[in-house]
Amino acid sequence: MSSIKGYYGKLLYIDLSSGKIEKRTVPEEDLAKFIGGRGLGAKILWDHLKKPGIDPLSPENPLIFMTGPFSGFPVPSSSRTCVVTKSPLTSPLRSTYPHASTLTYSNIGGFFGPELRFAGYDGIVITGKANSLCYVVIDNDKVEIRDAKKFKGMRTDAFDKKILEELKDRRYKTVYIGPAGENLVRYASILHTSARAAGRGGVGCVMGSKNLKSIAVKGSKQPDVAYHKKFIEILEKARLVLNNSPNTKNWRSYGTAGYIVKSSDQGTETVRNFREGTFPEAYKIGAEAARRDVWIRDIACMYCPLACKKSGRTKGKYGGIVHDGPEYETGTMLGSNLLISDMAGLLKIIYNVDDLGLDAISTGAVIGFLMEAYEKGMIDRKFLDGIELKWGSVDATLAIVDKIAYRDGIGDLASKGVKALSQKIGQGSEKFAIHVKGLELAAHNIQANPPRALCYATANRGGCHLNGDSVEAQNFRAMIDSTGVCLFAAMDKVYEEPIISMLSAITGVEYDRAQFLKAGERVFNLEKLFNYREGFRREDDWLPDRFFEDAFTIGPKKGAVLDRAKFRDMLTQYYKERGWDPETTKPTEAKLKELELDKIIS
């Protein structure tokens with residue numbers, strides 16, 4: 001048990017090649033410096049992969065499920081689990097290593113993280129590769145690796161029900177992959193409760209490479225709190241301010257889908273493969289339409305007052321589906337990005353993407369790229385296996401989604417992402433292949449938004465919209481991802497001070513805002529060091545030509561386009577503020593010493 005409270009100081013290591021299961025102690029220094037979640041996951045990955053260029057799909061690459069110090073406590077909006085690994089999707093422009101790629105982290109809410117803590121662990125580290133498909137069952141101290149061949153090929157919705165029947169106990173919380181993960185689609189996701197996804201960077205692909213279908217966990221423990229009375233007092237304050245916040249009321253009413261129409265009206269929506277920022281038919285797939293025609297209930301993660309997830313039932317040609325959505329990312333990347341405004345059709349696409357275990361963001365970006373390449377005559381129907389992949393076609397989109405998940409025909413190449421597709425197609429298609437470092441961009445368009453452009457370019461995992469639009473925001477978000485708190489709640493200013501105070505009360509380590517941000521800066525810089533070791537340089541912190549050349553033609557931001565020279569200057573200023581070499585982006589010795597990272601990399 002760690003002397004730093006709020007932790008067990010214990011990780012579960014499972015080697016699927018040998019079947020060896022160990023409970024290992026986490027060094028207290030790592031808990032103090034890297035906190036948990038994203039931060040501690042990055043430290044474990046750094047230590048485990050001592051050499052650059054390791055194949056992300058090799059048994060050596062660890063798959064890390066990491067909770068934070070808030071996980072399992074009744075802290076509002078604190079159920080997040082961070083999945084950390086080396087990405088199978090990303091790559092630098094130039095590297096001496098054939099398998100160079102970024103660190104990736106993918107966040108998932110729900111109930112799995114808290115239950116893992118109830119079982120007595122701060123995280124799980126999976127290594128090796130099973131001889132055949134398997135799943136892991138954790139019941140407090142009892143841990144088993146079981147045969148999963150009977151579940152091979154099973155989609156996530158059916159598996160979610162079947163695994164609980166198999167275990168005969170609904171107290172188990174599970175994570176799992178679908179056919180896309182089993183088939184090693186480079187942007188496969190890990191699902192929980194059929195609709196919550198750790199989607200970004202190919203974490204489901206890494207899980208599939210280990211022949212691991214699922215992890216199921218239940219437990220009955222809880223770590224200690226350093227200052228219990230103080231924690232209860234701050235907890236009551238946190239609940240009060242968050243419950244009464246107007247932002248919380250908006251999340252409850254509209255979820256993230258509330259931004260679909262709002263973003264379109266502002267000219268920052270992703271439309272037609274990032275060609276435009278406004279979608280005239282956004283109102284057909286936005287929150288008000290969903291609330292009127294689709295949504296039946298609001299769903300919350302454990303201990304969360306926001307209840308931002310929405311679930312409903314569709315009618316008509318694509319009717320009969322009961323599923324979550326649309327959310328902003330799913331509704332935009334699979335809706336306005338593809339010029340799809342049929343709500344029932346959109347929800348059918350979202351359902352299939354989740355059911356097959358695909359990342360909705362990358363899937364939407366890949367299909368949008370193919371639609372544009374087809375429109376421009378760079379590819380034909382033969383290239384697309386006879387599919388008439390036109391803008392707005394629900395049926396064509398559904399056909400491509402299936403092909404990607406099963407790597408059938410065009411789906412094999414498309415399963416590798418837009419970077420691989422554009423390299424194959426050529427003909428200047430790289431100008432509208434929308435990715436950074438190989439990771440497809442999310443649903444926030446940037447011709448009229450330079451700070452978000454900086455966010456995408458400098459994100460350590462690739463084109464990430466959650467990275468933060470400034471150095472301070474990036475440091476703050478790295479720390480939030482390390483605690484187990486949901487970013488949606490943490491973005492509310494009224495919740496910021498209670499978060500920091502609760503962290504101090506739980507752990508017994510005193511934090512003020514400056515120390516909180518410094519810890520986040522340490523996490524962000526360690527991720528940067530991992531990428532730098534793999535061969536990523538300043539040239540990789542760049543954006544596709546579309547954003548500098550293709551001005552919007554409609555909407556309130558008509559004519560908007562990024563300025564190359566100004567963006568280069570913005571990047572240079574960013575690196576200087578970070579304490580990194582502006583030419584190479586390597587963190588300086590002075591910065592590493594300041595953050596106590598100098599000994600880690602020596």
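**Stop 1: the sheet**

Welcome! Start by colouring the strands: six of them make an open sheet, and reading across it you meet β2-β1-β6-β3-β4-β5, with mixed pairing. Keep in mind as you explore that this is a predicted model.

Now find the two ends of that order. Select residues 20–25 for β2 and 103–108 for β5; these are the edge strands, and each pairs on one side only. As you go from strand to strand, neighbours are turned by 20° against each other on average, direction ignored.

Next, select β1, residues 10–15. How does β1 run relative to β2, parallel or antiparallel? The two run antiparallel, and six bridges join them. For a close look at this pair, show leucine 11 and, opposite it in β2, arginine 24. In general, strands of a sheet pair through backbone hydrogen bonds, either parallel or antiparallel.

**Stop 2: a helix across the sheet**

Which helix lies across β4 and β5? Select residues 513–534 to see helix α21 there; β4 itself is residues 81–86. Relative to β5, α21 runs at about 140°.

**Stop 3: helix α9**

Move on to residues 258–266, which form helix α9, and show Ile260, Ser263 and Ser264: these are buried. They share a side of α9, because the arc they cover around the axis is only 100°. As a rule, an α-helix has 3.6 residues a turn, so residues three or four places apart point the same way.

What covers these buried residues? Add residues 328–333, and you will see that the cover includes α11. Just after α9, click on glycine 267, whose phi is positive, near 80°.

**Stop 4: tyrosine 254**

Select residues 246–254 for helix α8, which holds tyrosine 254. Is tyrosine 254 buried or partly exposed? With a relative accessible area of 34%, tyrosine 254 is partly exposed, because it falls between the 20% limit for buried and the 50% limit for exposed.

Leaving aside neighbours within four places in sequence, display what tyrosine 254 is in contact with: Ala287, Glu288, Trp295 and Lys310. Then add cysteine 308: it is 54 residues away along the chain, yet the C-alpha atoms of the two are separated by 7.1 Å.

**Stop 5: a pocket**

Finish at the second largest pocket, with a volume of about 380 Å³. Its lining has 18 residues, and those nearest its centre are Leu93, Glu430, His435, Leu543 and Pro544. Two elements give two or more residues to the lining: α16 (418–425) and β16 (435–436). Of the elements, α16 gives the most, with three residues.

Key:
Residues are numbered from 1 along each chain as its sequence is written. This is a predicted model: local features need pLDDT of at least 70, side-chain atom pairs count only at pLDDT 80 or more; totals for chains, interfaces and linings use all residues. Side-chain values use heavy atoms; hydrogens and water are left out. Two strands pair if DSSP finds at least two bridges between them. Helices (H or I, at least four residues) and strands (E, at least two) are DSSP runs, numbered from the N terminus. Axes are lines fitted to C-alpha atoms, for helices over the stretch in contact, and angles run from 0 to 180 degrees between N-to-C directions. Contact means heavy atoms within 4.5 Å. Buried means under 20% relative accessible area, exposed over 50%, partly exposed in between (1.4 Å probe, protein chains only). The arc is that of the directions from the helix axis to the C-beta atoms. On a 1 Å grid over the protein atoms alone, a cavity is a set of points where a 1.4 Å probe fits but cannot get out, and a pocket is an open set with protein on both sides within 12 Å along at least five of seven lines; lining residues have an atom within 4 Å of a point. Grid points are joined across faces, edges and corners, and a volume is the space filled by probe spheres set on the points.
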